[in-house]
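Subject: Structure for your review

Dear colleague,

Please find below the structure that I am handing over to you. My notes on what was found in it follow directly after.

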Amino acid sequence: MKMRVKMGTVVPKMGTVVHPEDVPADYRAAMAMALHAELGSTHRAIKSAMRWTGASERTVKYWFAGERGPSGEHLVALARHSDTVLIALLALADRLIAEEAEDRERR
């Protein structure tokens with residue numbers, strides 16, 4: 001689904017770099033870090049994550065706070081929209097190869 005950018009709106013910064021060694025070992029903390037890196041810490045960031053996943057505002061706030069982590073369906077939806085979440089997930093699973101991460105950063 002393509003979103004139109006209206007006049008005067010701010011387009012989020014794309015291409016956030018996440019280094020695998022910076023990803024916390026705790027799932028909840030890693031997802032919170034990835035969401036903050038990708039979307040920032042504003043109410044607009046929460047609304048974006050809500051649109052991506054269909055989750056409630058309270059649920060997304062828990063993710064951003066690191067109190068809870070996204071469930072399976074929500075995690076897949078987040079990874080579909082966010083490279084940062086995908087990289088964090090792969091790093092947690094020890095499936096991220098450093099050369100592949102460097103290639104993604106160069107693109």
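Setting aside neighbours within four places in sequence, Thr53 is in contact with Trp63, His74, Ala77 and Leu78. Please note that these contacts, like everything else in this message, come from a predicted model. Thr53 belongs to helix H2. Is Thr53 buried or exposed? Its relative accessible area is 15%, and a residue counts as buried under 20%, so Thr53 is buried. Thr53 can also be compared in position with Arg80: the two are 27 residues apart along the chain, and their C-alpha atoms are separated by 9.7 Å.

The overall plan of the chain

The chain has six helices and zero strands. Read from the N terminus, its elements therefore follow the order α-α-α-α-α-α, each helix being a DSSP run. The chain has 107 residues, of which 30% count as buried. Among contacts with a separation of 6 or more, 54% are between residues 24 or more positions apart.

Helix H2 and its surroundings

Thr53 is one of the buried residues of H2; the others are Ala45, Ile46, Ser48, Ala49 and Met50. The buried residues of this helix pack against H1, H3 and H4. Some of these residues appear again from the side of Leu39. Leaving aside neighbours within four places in sequence, Leu39 is in contact with Ala45, Ser48, Ala49, Trp52 and Phe64. Just after H2 comes Gly54, which takes a positive phi of about 80 degrees.

Helix H3 and the nonpolar core

Helix H3 covers residues 57-65, and within it Val60, Trp63 and Phe64 are buried. Where do the buried residues of H3 lie when the helix is seen down its axis? They fall within an arc of 95 degrees, so they line one face of the helix. These residues pack against helix H1 (27-39), helix H2 (43-53) and helix H4 (72-81). Just after H3, Gly66 has a positive phi of about 80 degrees.

The buried residues of H3 are also found in the largest nonpolar core, which has 16 residues. Which members of this core touch the most other members? They are Leu35, Leu39, Val60, Trp63, Phe64 and Val85. At least two residues of this core are supplied by each of H1, H2, H3, H4 and H5.

Charged residues and aromatic rings

How many salt bridges does a search of the whole structure find? It finds two. As general background, side chains of opposite charge can pair when their charged atoms come close.

One salt bridge is between Glu57 and Lys61, whose closest N and O atoms are 3.4 Å apart. Both residues lie in helix H3, four residues apart, which is about one turn of the helix. With a relative accessibility of 27%, Glu57 counts as partly exposed. Lys61 is partly exposed as well, at a relative accessible area of 30%.

Another salt bridge joins the side chains of Asp26 and Arg28, with an N to O distance of 4.0 Å. Asp26 is partly exposed, its relative accessible area being 34%. Arg28 counts as partly exposed too, with 37% relative accessibility.

Tyr62 has two charged neighbours over its ring. The charged end of Arg58 sits over this ring, 4.5 Å from its centre. Arg68 lies over the face of Tyr62 as well, at 3.9 Å from the ring centre. As for rings paired with one another, the structure holds zero aromatic pairs.

A residue in the loop between H5 and H6

Finally, I would draw your attention to Asp94. This residue is located in the loop between helix H5 (83-92) and helix H6 (98-106). Asp94 has a positive phi of about 55 degrees although it is not a glycine. Is Asp94 buried or exposed? Its relative accessible area is 71%, and over 50% counts as exposed, so Asp94 is exposed.

Yours sincerely,

A colleague

Conventions: Residues numbered from 1 in each chain as written. Predicted model: local features only at pLDDT ≥ 70, side-chain atom pairs only at ≥ 80, totals over all residues. Heavy atoms only, no water. Buried < 20%, exposed > 50% of the residue type's maximum accessible area, 1.4 Å probe, protein only. Arc of directions from axis to C-beta. Contact = heavy atoms within 4.5 Å. Phe/Tyr/Trp six-rings, centres within 6.5 Å; stacked < 30°, edge-to-face > 60°. Lys NZ or Arg CZ within 6 Å of the ring centre and 35° of its normal. Core = buried A, V, L, I, M, F, W, Y, C linked by side-chain atoms within 4.5 Å.
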